[in-house]
Amino acid sequence: MTRSAIDASADDGVWIVIPAYNEARTIRGLAQTALSICVRVLVVDDGSSDGTAAQLDGLPVTLLRHPVNRGKAAGLRAAFAHALALGATCVVTIDGDGQHDPLDAGKLLAVWRQCPDRLVIGARLHDRARIPRGRYFGNRIACFWISWAAGHAVADTQSGFRVYPRAVMEIALADCASCSGFTFESEIIIAAAQRDHRTLAATIGACYPADARPSHYRPGRDTIKIVAMVALRLLSKGLSPRDLWRSLQREPERMPSARKALDSHR
Ligand SMILES: Nc1nc2c(ncn2[C@@H]2O[C@H](COP(=O)(O)OP(=O)(O)OP(=O)(O)O)[C@@H](O)[C@H]2O)c(=O)[nH]1
Ligand SMILES: [Mg+2]
């Protein structure tokens with residue numbers, strides 16, 4: 001894929017954002033691939049102690065550094081504020097651990113270009129054979145609850161590979177200002193849907209390499225925080241059986257012509 005596949009014009013305001021906490025092993029290769037398809041690449045080094053920032057020496061990326069670790073939510077909020085201030089039309093977020101292929105950004109952006117108000121999520125759960133069992137079921141359970149709270153079926157609520165349109169970033173900064181860590185990516189789905197920015201899925205492959213570093217996601221603590229956030233959101237709207245019905249009634253929305261749209265960019 002060439003740069004033109006994702007960044008048809010250097011003025012289209014697309015940014016790639018990579019939140020990174022101790023990703024020295026993967027960040028340079030990832031940033032180089034991201035730069036090959038997009039002129040604006042921003043890395044948030046969130047108090048890493050493994051030399052993550054030094055790995056980016058000499059690369060034309062924007063680097064935001066937090067002196068101490070503040071969590072993924074704070075990293076993404078800082079990146080959104082920076083990109084918005086510089087006129088971003090949307091931000092593509094890609095995890096820094098190598099589980100996402102930056103070249104798939106073209107696929108997500110093709111969907112976003114057709115529906116620029118939607119939060120586009122790179123959905124992996126169709127790829128069940130490549131997802132560890134515990135993760136798969138954890139993700140499915142998260143999908144049930146978060147879809148209910150969001151009032152529509154969401155294909156993959158825990159995927160960090162997304163396109164955030166400008167309006168959704170503004171909602172994230174205004175309505176998810178206090179949420180922390182991994183809760184942010186669940187809460188923004190709900191907050192955005194409440195303001196008519198529903199999710200749309202773009203299918204991507206799942207990648208869980210055997211030699212991956214240990215996850216920063218703490219299954220006990222982080223899951224409890226997400227459950228508490230969803231429970232509060234549901235209780236605040238009286239559980240909303242209508243939203244439960246809506247979330248169960250239909251399959252998650254996908255953009256069937258994404259492939260066609262991407263091909264037309266080539
Ligand atoms: N800014 C920031 N980023 C973080 C933090 N913790 C994790 N990340 C980044 O968030 C992304 C996802 O973190 P992972 O630990 O891979 O969590 P995950 O992908 O949800 O879970 P796995 O499927 O186990 O990999 C990676 O790019 C991390 O570097 C943090 O404290 N601050
Ligand atoms: Mg990961």
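**Pockets and a ligand: worked exercises**

The lining of the largest pocket splits into 20 nonpolar, 18 polar and 12 charged residues (Ala, Val, Leu, Ile, Met, Phe, Trp, Tyr, Cys and Pro are nonpolar; Asp, Glu, Lys and Arg are charged; the others, Gly among them, are polar). This is a predicted model, where local features need pLDDT of at least 70 and side-chain atom pairs pLDDT 80 or more, while totals for chains, interfaces and linings use all residues. Residues count from 1 along each chain as its sequence is written, chains are lettered from A and ligands numbered from 1 in written order, and side-chain values use heavy atoms, without hydrogens or water.

**Exercise 1. Describe the largest pocket: its volume, its central residues and its main contributor.**

Step 1. Start with the space: about 1300 Å³ lies in this pocket (an open set on a 1 Å grid over the protein atoms alone, where a 1.4 Å probe fits and protein lies on both sides within 12 Å along at least five of seven lines; lining residues have an atom within 4 Å of a point).

Step 2. Now go to the middle. There are 50 lining residues, and Q158, F182, S215, Y217 and D222 are nearest the centre.

Step 3. Sort by element (DSSP runs numbered from the N terminus: helices are H or I, at least four residues; strands are E, at least two). Strand 1, strand 2 (41-46), helix 3, helix 5 (133-150) and helix 8 (219-236) supply at least two residues each. Helix 8 gives the most, with 9 residues.

**Exercise 2. Work out where ligand 1 is and which residues come nearest to it.**

Step 1. Ligand 1 takes up the space of the largest pocket (more than half of its atoms lie within 2 Å of the grid points).

Step 2. Around it are 20 residues, with E23, D46, G96, D97 and R135 coming nearest (a shell residue has a heavy atom within 4 Å). By class, the shell holds 6 nonpolar, 7 polar and 7 charged residues.

Step 3. Look for N or O pairs within 3.5 Å. An oxygen atom of ligand 1 is 2.6 Å from a side-chain N or O atom of E23, and an oxygen of the ligand is also 2.6 Å from a side-chain N or O atom of D97. A ligand nitrogen is 3.4 Å from a polar backbone atom of G71.

Step 4. How much of the ligand's surface gets covered? Alone, ligand 1 exposes 630 Å², and the protein buries 92% of that (Shrake-Rupley method, 1.4 Å probe).

**Exercise 3. Do the same for the second largest pocket: give its volume and its lining.**

Step 1. The volume is about 380 Å³ (the space filled by probe spheres set on points joined across faces, edges and corners).

Step 2. This pocket has 18 lining residues, and A150, G151, H152, R198 and R246 are closest to its centre.

Step 3. Helix 5, helix 7 (183-194) and helix 9 (241-249) each give two or more residues to this lining. Helix 9 gives the most, with 4 residues.

Step 4. The class split is 5 nonpolar, 4 polar and 9 charged.

**Exercise 4. Place N22 and S240, and check the phi angle of N22 and of S240.**

Step 1. N22 sits in the loop between strand 1 and helix 2 (27-37). Its phi is positive, about 55 degrees, although N22 isn't a glycine.

Step 2. S240 is in the loop between helix 8 and helix 9. S240 isn't a glycine either, yet its phi is positive at about 45 degrees.

Technical notes
A polar contact is a pair of N or O atoms within 3.5 Å; within protein, one must be able to donate a hydrogen and the other to accept it, and residues adjacent in sequence count only if both atoms are side-chain atoms.
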